[in-house]
Amino acid sequence: QVQLVESGGGSVQAGGSLRLSCAASGYTAGDYYMGWFRQAPGKEREGVAAIDRGGITSYADSVKGRFTISKDNARNNLYLQMNSLQPEDTAMYYCAASLPSHYILPLATYNYNYWGQGTQVTVSS
């Protein structure tokens, strides 16, 4: 079974940076799509960034140029470097994994089967 544990969240001022980490276990590196999703109070969970089995990345328009997703297959870790943070980025951030047998839309929440418990990111103006 897949286990995902996020870390690295915290409180920062607008313009600051954070690096989120997701420690994954119970899966074979390269088999899964991996992604970062977020949910702000009163809003639906949305895809932020994803990386597919071939290493191709996808980003929500709202974070392009500011966030970078990466992975370390040897350590089974997923990362999200977040720069130029804005108050609109405030949310609970979740790491997720999917093991599809076909191509999936990488930022679609419904395509992911395994989820971490989340790490809070708060950005003050």
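This briefing describes the overall make-up of one protein and then a patch on its surface. The structure is a predicted model, and the protein in it has 125 residues. Its secondary structure consists of 11 strands and 0 helices, and the sections below take up its fold, its dimensions, its surface and one nonpolar patch.

**Fold and contacts**
- Read from the N terminus, the elements of the protein follow one another as β-β-β-β-β-β-β-β-β-β-β.
- When contacts between residues at least 6 apart in sequence are considered, 60% of them join residues that are at least 24 apart.

**Dimensions**
- The radius of gyration of the protein is 13 Å, which agrees with the value near 14 Å that a compact globule would have with 125 residues.
- Taken along the principal axes, the box filled by the C-alpha atoms is roughly 40 × 25 × 25 Å.

**Burial and surface**
- Of the 125 residues in the protein, 46% count as buried.
- The accessible surface of the protein amounts to about 6,300 Å², and carbon and sulfur atoms account for 46% of that surface.

**A nonpolar patch**
- Y103, L105 and Y110 together make a nonpolar patch of about 410 Å² on the surface.
- One of these patch residues, Y110, is found in the loop that lies between β9 (91-98) and β10 (114-115).
- Y110 has a relative accessible area of 65%, and because exposed means a value over 50%, Y110 counts as exposed.

Notes:
Residues are numbered from 1 along each chain as its sequence is written. This is a predicted model: local features need pLDDT of at least 70, side-chain atom pairs count only at pLDDT 80 or more; totals for chains, interfaces and linings use all residues. Side-chain values use heavy atoms; hydrogens and water are left out. Patches are made of residues with over 30% relative accessible area and no salt bridge: like charges are joined within 9 Å, nonpolar side chains (Val, Leu, Ile, Met, Phe, Trp, Tyr) within 5 Å. Accessible areas come from the Shrake-Rupley method with a 1.4 Å probe; for residues, only the protein chains shown count as cover. A salt bridge is a side-chain nitrogen of Lys or Arg within 4 Å of a carboxyl oxygen of Asp or Glu. Helices (H or I, at least four residues) and strands (E, at least two) are DSSP runs, numbered from the N terminus. Buried means under 20% relative accessible area, exposed over 50%, partly exposed in between (1.4 Å probe, protein chains only). The radius of gyration is taken over C-alpha atoms; the globule rule is 2.2 Å times the number of residues to the power 0.38. Contact means heavy atoms within 4.5 Å.
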